[in-house]
There are 2 protein chains.
Amino acid sequence: LIAFLMRWGVVSTAKIAGQYFLPLTTSGEQVVAVSSRNEERAKEWASDKVPAIEHVVGSHDELLALQDVDVVYLPVPTAVRTPLAMKAIENGKHVLIEKPVAATAEEASHILAAAKDRNVLVLDGTMWIHHARTKLISEYLFQNNAIGAVQHISCTLTSPLLNPGTNIRANKSLEPHGCLGDLGWYCIRWILFLMNNRLPVQVSGHYVLGEGEEVPFSFNGLLIFDKGESASFFCSFRAARRQNILVSASQGQLSLENFVTRNNESEFTVNKASEAPEVVKVPNCDQMAELVSAFVELAKDTTTNKFTHFEHSIDSMKVLDALLQSAENSSPVSIS
Amino acid sequence: LIAFLMRWGVVSTAKIAGQYFLPLTTSGEQVVAVSSRNEERAKEWASDKVPAIEHVVGSHDELLALQDVDVVYLPVPTAVRTPLAMKAIENGKHVLIEKPVAATAEEASHILAAAKDRNVLVLDGTMWIHHARTKLISEYLFQNNAIGAVQHISCTLTSPLLNPGTNIRANKSLEPHGCLGDLGWYCIRWILFLMNNRLPVQVSGHYVLGEGEEVPFSFNGLLIFDKGESASFFCSFRAARRQNILVSASQGQLSLENFVTRNNESEFTVNKASEAPEVVKVPNCDQMAELVSAFVELAKDTTTNKFTHFEHSIDSMKVLDALLQSAENSSPVSIS
């Protein structure tokens, strides 16, 4: 028996589910089950996997009830994440859940309470948090105070939506937050991370529904922090692909591109007044494998520290909820 | 007699006034007068100028009344720009006015009406508009449609305020807009230019007054355009120097740094999907000399086209006014 080996069940055959199979198996984990509401699709998904998957089932509930599944991965649409996560936790299973972690922060809090109650891990699939670059940025900003006090963060994340007529990202009943959930989540989570996990005190959001659109296709967010610092982001399905962050601080700036992408090699740039820019190169890092390692490590943790990541997920949901509320009321929303 | 030669009066001895002396004289223009409320300061300012300045006077009104002044340059504080501009125009003189062009858009409209009435030119000192890079960007965006339809512009302009206790930029009675006038003006004007001189339909502004501060030291602006496009900017006296613009469009991005700075060599970057970034190098260009040339050329123009630049200045003032109003009422403001 390998020390960290857990038996995983993958709920749904979404594209991202396929991307986790390799990191799981190469990390010494075991995928023992996959489910789809369409059993044929589950069989097709399982057909090329090595080692072979034992349980290939046509019902998520059936997978969640399996005795030999220790942990489930939930890459299902946002609207159905919470009931499936709650059922998995009730059945005593650890849960790796895609983001946004729920339809609302309140739902996410229920998930956390249930996980604490059953003493199982719940963690979201925001992979870049576990990337080596992210840890290095944290050192520059917080341990070394490389650029002084952060004053503003500007964040742009754009990715064209393919087939908007049939894409579930444009379907309000499945993905109610539209581009704010799909792209804005990364912006919000990065901003909170770069602000050392502080919550803003006030947010303003804005979107315009285009003809025939049920969900935001573009979203502007503004976050105000308690010392007057601010952050703004723009995310959109309407613009060509780009990922860009600029952190403006009292003594310089930190900037990065491709802040989501699963790049192996990566970098960020530190500018200080009257010095040449420092381009910090980060060695190869498979962030999905890092996420799997972190998950397995945290699942063994017996302290409440294992829930810190999910508390940050809930904070991101609070900001996301408040941004949507602000956009719908055309008025800033306070966060306590 | 040189064809384009005009006789300039420089009103005030502000630092930027000194920066115009060389471009004026090397462009074949003649500086014939300088005024300061403090006559000693005027004398000191004039002392090292070649060719020597004929009229060195201790009163702005005295300069504005001089028969042999054709054009006045007004680098005076924002709060006193309009009365001096109006008096200059009444005296039949062309006016080059620093920006923001007035305390409000309404004041700016009065200036334009008076200039049209007396058939003299009024132009503001936004120098980068006359830079070769700006014209090249216009070609890429509008003539060549290089990156498709603009969806969002993100703009950051930060510059630390030296000596905030005594700097007139922090003095509400002289510079009522604070960093929004000093830095935000450039952001607004660039955004409107990059949107092909369209006005937004709605804006939102936000600032927090720090302890002992009379004017905004940091400002966040959001501009919404009629097809749902947006632009956001952050400007601040609290962060290290940086000038950064990212234009996100349907087919790619255009980005530039140092969008204000009087750099001789400059560049911008065009990104298109699945192509390597194109860094467009722009040859040497002295944008202040270009501004002087444009001024002299426009002053000879007998059509109303000569007022197009100032109409854009008024549009920028409208946006600036609305942003301040929005910030003060914590509510979006519509622009008609």
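**Exercise 1. The interface between the chains**

Task: find how many residues chain B and chain A each bring to their contact.

Solution. Chain B brings 30 residues to the contact and chain A brings 30 residues, where contact means heavy atoms within 4.5 Å. The model is predicted: local features need pLDDT of at least 70, side-chain atom pairs count only at pLDDT 80 or more, and totals for chains, interfaces and linings use all residues. Residues are numbered from 1 along each chain as its sequence is written, chains are lettered from A and ligands numbered from 1 in the order in which they are written, and side-chain values use heavy atoms, with hydrogens and water left out.

**Exercise 2. Area and character of that interface**

Task: state what area is buried between chain B and chain A, and describe the side of chain B that touches chain A.

Solution. Step one is the area. The size of an interface is often given as the accessible area lost when the parts come together. Between chain B and chain A about 2400 Å² is buried, 57% of it from carbon and sulfur atoms; buried area is the accessible area (1.4 Å probe) that two parts lose on being put together, summed over both. B:His206, B:Ala240 and B:Arg242 supply 19% of the area that chain B buries against chain A, more than any other three residues.

Step two is the pairing. Zero salt bridges are found across the interface of chain B and chain A, a salt bridge being a side-chain nitrogen of Lys or Arg within 4 Å of a carboxyl oxygen of Asp or Glu. There are 13 residue pairs in polar contact between chain B and chain A, both residues at pLDDT 80 or more. A polar contact is a pair of N or O atoms within 3.5 Å; within protein, one must be able to donate a hydrogen and the other to accept it, and residues adjacent in sequence count only if both atoms are side-chain atoms.

Step three is the elements and residue classes. Strands that give two or more residues to the side of chain B that touches chain A include E7 (150-158), E8 (202-206) and E11 (242-249) of chain B. E11(B) gives the most, with five residues. Helices (H or I, at least four residues) and strands (E, at least two) are DSSP runs, numbered from the N terminus. By class, this side of chain B has nine nonpolar, 18 polar and three charged residues. Ala, Val, Leu, Ile, Met, Phe, Trp, Tyr, Cys and Pro count as nonpolar, Asp, Glu, Lys and Arg as charged, and the others, Gly among them, as polar.

**Exercise 3. The two domains of chain A**

Task: locate the domains of chain A and describe how domain 1 of chain A meets domain 2 of chain A.

Solution. Domain 1 of chain A covers 7-127, and domain 2 covers 131-289 + 317-334; the bounds come from an automatic or database domain assignment. Their C-alpha centres lie 26 Å apart. The contact takes 20 residues from domain 1 of chain A and 19 residues from domain 2 of chain A.

Together the two domains bury about 1600 Å², with 64% of it on carbon and sulfur atoms. A:Pro100, A:Ala105 and A:Met127 supply 33% of the area that domain 1 of chain A buries against domain 2 of chain A, more than any other three residues.

The count between the domains is one salt bridge. A:Arg189 forms a salt bridge with A:Asp124, and their closest N and O atoms are 2.7 Å apart. Nine residue pairs are in polar contact between the domains, both residues at pLDDT 80 or more. Helix H1 (15-26) and helix H5 (105-118) of chain A each supply at least two residues of the side of domain 1 that touches domain 2. H1(A) has the largest share, four residues.

**Exercise 4. Local features**

Task: state where A:Pro51 is found, and which residues A:Asp182 and A:Arg169 tie together in sequence terms.

Solution. A cis peptide bond, with omega about 0°, joins A:Val50 and A:Pro51. A:Pro51 is found in the loop between helix H2 (39-47) and strand E3 (55-57) of chain A.

A:Asp182 forms a salt bridge with A:Arg169, the closest N and O atoms being 2.9 Å apart. A:Asp182 lies in helix H7 (residues 179-194) of chain A and A:Arg169 in the loop between strand E7 (150-158) and H7, so the pair ties together parts 13 residues apart in sequence.
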